[in-house]
Amino acid sequence: MFLAVLLDKELRGSRFYQTALYLPVVLSLALIGFVWQLIYSRDQGLLNGVFGGDTDWYGDPDVNTWAVLVAAGWRHVGYIMLLYLAGLKGVDPSLREAAAVDGSSETSTFFRVVFPVMRPINIIVLVVTVIESLRAFDLVWVINKGRNGLELISALVTQNVVGEASRIGFGSALATIMLAVSLVFITIYLWTVMREDKR
């Protein structure tokens, strides 16, 4: 949202920044995993090379979840930013003008006027984020096949259905749970969109 607010101010070179921030979105999560392996590698990684450390970013269960969150966030920030930017462009300018006439500061106007108007966008972002987190698979599978602290539900489904120790019933149960959780948020999303269309 912060990036969207900055770009909404029509800064010089904003088109370039939009493209640069959105570029990771078009890359597959598998490719993102390979790119960040070059950064996080214990022996030859960029991060340990710059700071002179020897942290096993993907092997240490205390830090690998955060490392994956940074990598996944780098990919998704451009998409979420564009959603918020579209929401900001859709805010009626007269609302901001009225708040300015009333003596409201720019920060106060954003939190008291603009942010409440963007409620449907916030719900869409929440739903998209939750669904993306539930279906996340490629990134952790490339990293360490969803082990050692990265046992995401999608990785567990794959391990149990097509893994060496095949437990198809357990894997199917996990997939059903993932579907049920996703349906809750999909229903919320559809209800929000349909309600907005009726207005």
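Reader: Which residues are linked with Asp8 in a network of salt bridges?

Author: This is a predicted model. In it, the side chains of Asp8 and Lys89 meet in a salt bridge, 3.4 Å from N to O. Arg96 and Asp8 also meet in a salt bridge, at 3.6 Å from N to O. The network therefore joins Asp8 with Lys89 and Arg96.

Reader: How many residues apart are Arg96 and Asp8 in sequence?

Author: The side chains of Arg96 and Asp8 form a salt bridge. Arg96 lies in helix H6, residues 93–101, and Asp8 lies in helix H1, so the pair ties together parts of the chain whose separation in sequence is 88 residues.

Reader: And how many residues apart are Asp8 and Lys89?

Author: Asp8 and Lys89 share a salt bridge of 3.4 Å, N to O. This pair links distant parts of the chain. Asp8 is in helix H1 and Lys89 is in helix H5, residues 64–89; the separation is 81 residues.

Reader: Is Asp8 buried or exposed?

Author: Asp8 is found in helix H1. Leaving aside neighbours within four places in sequence, Asp8 is in contact with Leu85, Leu88, Lys89 and Arg96. Its relative accessible area is 17%. The cut-off for that class is under 20%, so Asp8 is buried.

Reader: Are the partners Lys89 and Arg96 buried or partly exposed?

Author: Lys89 has a relative accessibility of 45%. Arg96 has a relative accessible area of 30%. The class between the cut-offs runs from 20% to 50%, so both Lys89 and Arg96 count as partly exposed.

Reader: How many salt bridges does a search of the whole structure find?

Author: Asp8 meets Lys89 in one. Arg96 meets Asp8 in another. Glu106 forms a salt bridge with Lys9 as well. The search of the whole structure gives a count of 3.

Reader: What distance separates the closest N and O atoms of Glu106 and Lys9?

Author: Glu106 forms a salt bridge with Lys9. Glu106 lies in helix H7, residues 106–117, and Lys9 in the loop between H1 and helix H2, so the pair ties together parts that are 97 residues apart in sequence. Glu106 is exposed at 58% relative accessible area, while Lys9 is partly exposed at 43%. The closest N and O atoms of the pair are separated by 2.2 Å.

Reader: Why are the rings of Trp36 and Trp74 called edge-to-face?

Author: By the ring rule, the chain has 5 aromatic pairs. The rings of Trp36 and Trp74 have centres 5.9 Å apart and planes at 70 degrees. Planes over 60 degrees apart fall in this class, so the pair is edge-to-face.

Reader: Which residue joins Trp36 and Trp74 in one aromatic cluster?

Author: Trp36 in helix H3 and Trp74 in helix H5 are 38 residues apart, and their pair links distant parts of the chain. Trp36 is buried, at 12% relative accessible area. Trp74 is partly exposed, at 35%. The other member of their cluster is Tyr40.

Reader: What class of pair do Phe110 and Phe115 make?

Author: Phe110 is buried, with 15% relative accessible area. Phe115 is partly exposed, with 33%. Their ring centres lie 6.3 Å apart and their planes stand at 50 degrees, so the pair is tilted.

Reader: What is the area of the nonpolar surface patch that includes Leu190?

Author: Leu190 sits in helix H11, residues 168–198. Leu190 is partly exposed, at 39% relative accessible area. The patch is made by Leu179, Leu183, Ile186, Tyr189, Leu190 and Met194, and its area is about 520 Å².

Reader: How many helices and strands does the chain have?

Author: Buried residues make up 31% of the 199 residues. Read along the sequence, the pattern is α-α-α-α-α-α-α-α-α-α-α. The chain has 11 helices and 0 strands.

Reader: Where is confidence lowest in the chain?

Author: The chain averages a pLDDT of 77, and 81% of the residues score at least 70. Where pLDDT is low, the predicted coordinates should not be read in detail. Confidence is highest in helix H1, at a mean of 86, and lowest, at a mean of 60, in helix H10.

Technical notes. Residues are numbered from 1 along each chain as its sequence is written. This is a predicted model: local features need pLDDT of at least 70, side-chain atom pairs count only at pLDDT 80 or more; totals for chains, interfaces and linings use all residues. Side-chain values use heavy atoms; hydrogens and water are left out. pLDDT is the predictor's confidence in each residue, from 0 to 100. Helices (H or I, at least four residues) and strands (E, at least two) are DSSP runs, numbered from the N terminus. Patches are made of residues with over 30% relative accessible area and no salt bridge: like charges are joined within 9 Å, nonpolar side chains (Val, Leu, Ile, Met, Phe, Trp, Tyr) within 5 Å. Accessible areas come from the Shrake-Rupley method with a 1.4 Å probe; for residues, only the protein chains shown count as cover. A salt bridge is a side-chain nitrogen of Lys or Arg within 4 Å of a carboxyl oxygen of Asp or Glu. Buried means under 20% relative accessible area, exposed over 50%, partly exposed in between (1.4 Å probe, protein chains only). Contact means heavy atoms within 4.5 Å. Rings of Phe, Tyr and Trp (its six-membered ring) pair if their centres lie within 6.5 Å; planes under 30 degrees apart count as stacked, over 60 as edge-to-face and the rest as tilted.
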